Structure formats: C-alpha cells, structure tokens
Amino acid sequence: LLAVERVGLDGDRYAKRTGTYSPRGGPGREITLIEREAIAAVNQDLGVELAERETRRNLVTDGVSLLFLVGKTFRVGEVVLHGVRTCPPCTHLESLTRPGVHQALAYRGGLRADIVRGGTLRIGDEIIVNEPGAQPEPS
C-alpha cells in the first residue's frame with residue numbers, strides 16, 4: 001500500500017478527494033488507524049458484530065494505544081506519520097454498517113494522521129514512536 005506524503009493512500013477515496021467529508025479539508029485526513037483491540041472490545045463487550053474492514057479505517061494496529069499518538073510523530077515501517085486527532089465514528093459509518101456502531105466506537109474510533117514521509121506500508125510493519133529523525137518537516 002503506497003502512502004503519499006501530504007496526499008494520502010494511493011487509490012483511497014480521501015486521497016482522490018471523493019470521500020464523504022473531503023470538502024471539509026484540513027489536517028488529519030490522509031490516513032486513519034484503529035486498534036484491533038478496540039474492535040474486539042466492541043464485538044465482545046457491546047455485542048455489536050463489526051469486522052475490521054467495516055470500520056472504514058485505513059490501518060488496523062495491534063498492541064499500540066493510538067490515543068497516545070495524538071500530537072506525536074511516529075513511523076509505520078518506512079512511512080512517517082503525525083497523529084493529528086482522534087477519529088470518532090460518524091453517523092455515516094453507522095448508515096453503512098448497522099445500528100449501534102456509532103455508539104460502540106464513540107471513544108475508540110481510532111486516530112487521524114498526516115503522512116510526513118511517504119513510502120510503502122506492509123502488513124506486519126512495526127510502529128515506532130519517538131524515533132530520532134522522524135520529526136515532521138516544517139510546512
């Protein structure tokens with residue numbers, strides 16, 4: 001999966017500016033991440049069956065608390081990202097899935113990030129926080 005600096009993921013609806021909320025613009029629309037643990041908790045604790053692909057997030061992480069990446073620059077494989085803000089679910093997500101998804105993901109919807117340095121994302125890429133030299137370049 002190709003991550004393009006300051007654009008998004010190659011072929012993604014937001015990189016092509018055709019996503020539902022594309023007209024709003026602003027930072028944090030280049031890539032979204034969600035914790036695999038959050039999806040599992042939603043399915044187990046709240047009884048809302050939600051597949052990873054249904055979250056409409058670009059990357060599913062494992063073993064990393066995304067909340068702590070807000071305001072931080074981090075690396076996923078060779079790609080450098082900057083966590084911009086949390087990514088609460090929208091009512092549009094629920095309209096595409098099923099009732100209860102919006103509320104179930106209210107405080108665990110993931111992270112919105114910008115792509116500081118592009119590259120190829122691969123399944124199994126490690127997330128490294130506070131790596132020397134991974135600071136965003138001035139705009």
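Is E52 buried, partly exposed or exposed, and what is the relative accessibility of E52? E52 is partly exposed, at 29% relative accessibility. Buried would mean under 20% and exposed over 50%, so E52 falls in between. Keep this residue in mind, as the salt bridges below return to it. One caution comes first: the model is predicted.

## The chain as a whole

The chain has 139 residues, and 41% of them count as buried. Its secondary structure comes to 3 helices and 9 strands. Along the sequence, these elements follow the pattern β-β-β-α-β-β-β-α-α-β-β-β.

How do the contacts run along the sequence? Take the contacts with a separation of 6 or more: 73% of them join residues that are 24 or more positions apart. The surface can be summed up too. The chain exposes about 7,700 Å². Carbon and sulfur atoms supply 51% of that area.

## Helix α1

Helix α1 spans residues 36-45. Its buried residues are A38, I39, A41 and V42. Look down the axis of α1, and these buried residues fall within an arc of 160 degrees, so they line one face of the helix.

What do the buried residues of α1 pack against? They pack against two strands, β3 (31-35) and β4 (59-61), and against the helix α3 (101-104). After α1 comes G47. The phi of G47 is positive, near 65 degrees.

## Strands and their partners

Strand β7 covers residues 111-117. Is β7 mostly covered or mostly open? It is mostly covered: 6 of its 7 residues are buried.

Strand β7 pairs with β3 in the antiparallel sense, over 3 bridges. Here L33 stands opposite L111 of β7. Strand β7 also pairs with β6 in the antiparallel sense, over 6 bridges. Two residue pairs show where β6 and β7 meet. V80 has R117 in β7 as its bridge partner. H82 has D114 in β7 as its bridge partner.

Strand β6 pairs with β5 as well, again in the antiparallel sense, over 4 bridges. V76 stands opposite V79 in β6. β5 and β6 form a hairpin with 2 residues between them. G77 sits in the turn and has a positive phi of about 60 degrees.

A rule helps when you look at strands on the screen. In a regular strand, the side chains alternate between the two faces of the sheet.

## Salt bridges

How many salt bridges does the structure hold? It holds 4. The table lists three pairs, with the N to O distance for each.

| Residue | Partner | Distance, N to O |
|---|---|---|
| R6 | E5 | 3.0 Å |
| E52 | R36 | 2.5 Å |
| E78 | R122 | 3.8 Å |

Start with R6 and E5, which form a salt bridge. R6 is partly exposed, with a relative accessible area of 43%. E5 is partly exposed too, at 32% relative accessibility.

Next come E52 and R36, whose side chains meet in a salt bridge. E52 lies in the loop between α1 and β4, while R36 lies in helix α1, so the pair ties together parts that are 16 residues apart in sequence. R36 counts as partly exposed, at 34% relative accessibility.

Then there is the salt bridge between E78 and R122. This pair links distant parts of the chain, 44 residues apart. E78 is in the loop between β5 (73-76) and β6 (79-86). R122 is in the loop between β8 (119-120) and β9 (127-129). At 38% relative accessibility, E78 counts as partly exposed.

Which residues are joined into one network? Salt bridges that share partners join R36, E52 and D62. E52, the residue from the opening question, is thus part of a network.

## A nonpolar patch

The surface also carries a nonpolar patch of about 190 Å². L2, V4 and V7 make this patch. V7 lies in the loop between β1 (2-4) and β2 (8-9). At 30% relative accessibility, V7 counts as partly exposed.

Methods
Residues numbered from 1 in each chain as written. Predicted model: local features only at pLDDT ≥ 70, side-chain atom pairs only at ≥ 80, totals over all residues. Heavy atoms only, no water. Buried < 20%, exposed > 50% of the residue type's maximum accessible area, 1.4 Å probe, protein only. Arc of directions from axis to C-beta. Contact = heavy atoms within 4.5 Å. Pairing = 2+ DSSP bridges. Areas by Shrake-Rupley, 256 points an atom, 1.4 Å probe, with all protein chains shown as cover. Patch = residues over 30% accessible without salt bridge, like charges linked within 9 Å, V, L, I, M, F, W, Y side chains within 5 Å.
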